[in-house]
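Here's a quick briefing to read alongside the sequence and the 3D view. Have both open, and click on residues as they come up.

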Amino acid sequence: MKIADLLRAKCDNVSTLNKFRKWGIIMSVVDLLASQLGRNDEEPNMELAHKLIHEENYAGIEEIIENLTCKDKKIQYDCMKVAYEIGQVKPELISKYVLTFIELLKSSNNRLVWGGMMALATIAEVASETIMAHLTILKSAMKMGSVITIDKGVLTLAKLAAVSKENNDVIFPILLHHLENCRPKEIPQHSESTLLAVTDENKNELLKVLRKREKYLTAPQLKRVEKIYKTLEA
């Protein structure tokens, strides 16, 4: 079997790959993932992300992205973590895969949905045009998604709104509507994210929504919101 064939068969030929590992041969970046090293923590994935960033290893990053659709869920999830970590530090290295992350929002696997949204949050500013063109998919994922999906969705929207006035005109009303209807415990965090999209022209609209929802907040939640008031009124 050729090395290229082994790489393509990565997800389905674990026994063969394990033999290579025993001989000290690293076939690809996938061999450095936590699950492939027999680890249950995220440290190897974070180390790999920083290694790929430092080396500007475009081929390695592409392999990580390709394995987001791997049959082995452990590899999938590890690659999602690596991609997210790369995006956190150097979003331009994964921005060209924006459509891949958008496609993950349609997945029936909830973990891939929130993973895709987390990745989109890291590249929102550098891939805003493409994400805006698929705004309906993002909104749908938020409507049906988990807490993480919603949290990162709000952050993604706010970052998109901050890119241009055109984006802001479309997205800021969506953010306000969300804050009007989300669970009270979500208001502080989501309002903090929304601050990224605030301008002199729209800040009073946000203030109005938050003051309307004050009565539903606990004392600690209100304290966080009051800090937002100070920021808006500064």
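How many helices and how many strands does the protein chain have? It has 14 helices and zero strands. Keep in mind that this is a predicted model. The bullets below start with the whole chain, then go to the core, and then to a few spots in α5, α11 and α13.

**The chain as a whole**
- Reading from the N terminus, the elements go α-α-α-α-α-α-α-α-α-α-α-α-α-α.
- The protein chain has 234 residues, and 49% of them are buried.
- Take the contacts between residues at least 6 apart in sequence: 64% of these link residues at least 24 apart.
- The chain's accessible surface is about 12400 Å², with carbon and sulfur atoms accounting for 53% of it.

**The largest nonpolar core**
- This core holds 64 residues, and the members that touch the most other members are Ile64, Ile86, Phe101 and Leu120.
- Helix α5 (residues 73-89) gives the core its largest share, seven residues.
- Phe101 is a good one to click on: setting aside residues up to four places away in sequence, Phe101 touches Ile65, Leu68, Met80, Ala83, Ile94, Gly116, Ala119, Leu120 and Ile123.

**Glu85, a buried acid in α5**
- Glu85 sits in helix α5.
- Is Glu85 buried or exposed? Its relative accessibility is 10%, so Glu85 counts as buried, the cut-off being under 20%.
- Its side chain has a polar contact of 2.9 Å with the side chain of Lys81.
- Beyond its neighbours within four places in sequence, Glu85 is in contact with Met46, Ala49, His50 and Ile53.

**Asn168 and Phe172, two buried residues in α11**
- Asn168 belongs to helix α11, and so does Phe172.
- Asn168 counts as buried because its relative accessibility is 10%.
- Which side chain does the side chain of Asn168 pair with in a polar contact? That would be Asn202, at 3.1 Å.
- Not counting neighbours within four places in sequence, Asn168 is in contact with Ala161, Pro173, Ala197, Thr199 and Asn202.
- Phe172 is buried too, with a relative accessible area of 2%.
- With the neighbours within four places left out, the contacts of Phe172 are Thr194, Ala197, Val198, Asn202, Glu205 and Leu206.
- Ala197 and Asn202 therefore turn up in the contact list of Asn168 and in that of Phe172, both of them buried residues.
- Phe172 and Glu205 are 33 residues apart along the chain, and their C-alpha atoms are separated by 9.6 Å.

**The two sides of α13**
- Which residues of helix α13 (residues 203-213) are buried? They are Leu206, Leu207, Val209, Leu210 and Arg213.
- These residues span an arc of only 165 degrees around the axis, so they lie on the same side of α13.
- Asn204 and Lys208 are on the other side of α13, and they are exposed.
- What covers the buried residues of α13? The cover includes α11 (165-181), α12 (187-194) and α14 (219-233).
- One link to α11 can be picked out by name: Phe172, in α11, is in contact with Leu206, one of the buried residues of α13.

Technical notes:
Residues are numbered from 1 along each chain as its sequence is written. This is a predicted model: local features need pLDDT of at least 70, side-chain atom pairs count only at pLDDT 80 or more; totals for chains, interfaces and linings use all residues. Side-chain values use heavy atoms; hydrogens and water are left out. Buried means under 20% relative accessible area, exposed over 50%, partly exposed in between (1.4 Å probe, protein chains only). Helices (H or I, at least four residues) and strands (E, at least two) are DSSP runs, numbered from the N terminus. The arc is that of the directions from the helix axis to the C-beta atoms. Contact means heavy atoms within 4.5 Å. Accessible areas come from the Shrake-Rupley method with a 1.4 Å probe; for residues, only the protein chains shown count as cover. A polar contact is a pair of N or O atoms within 3.5 Å; within protein, one must be able to donate a hydrogen and the other to accept it, and residues adjacent in sequence count only if both atoms are side-chain atoms. A nonpolar core is a set of buried Ala, Val, Leu, Ile, Met, Phe, Trp, Tyr and Cys residues joined through side-chain atoms within 4.5 Å.
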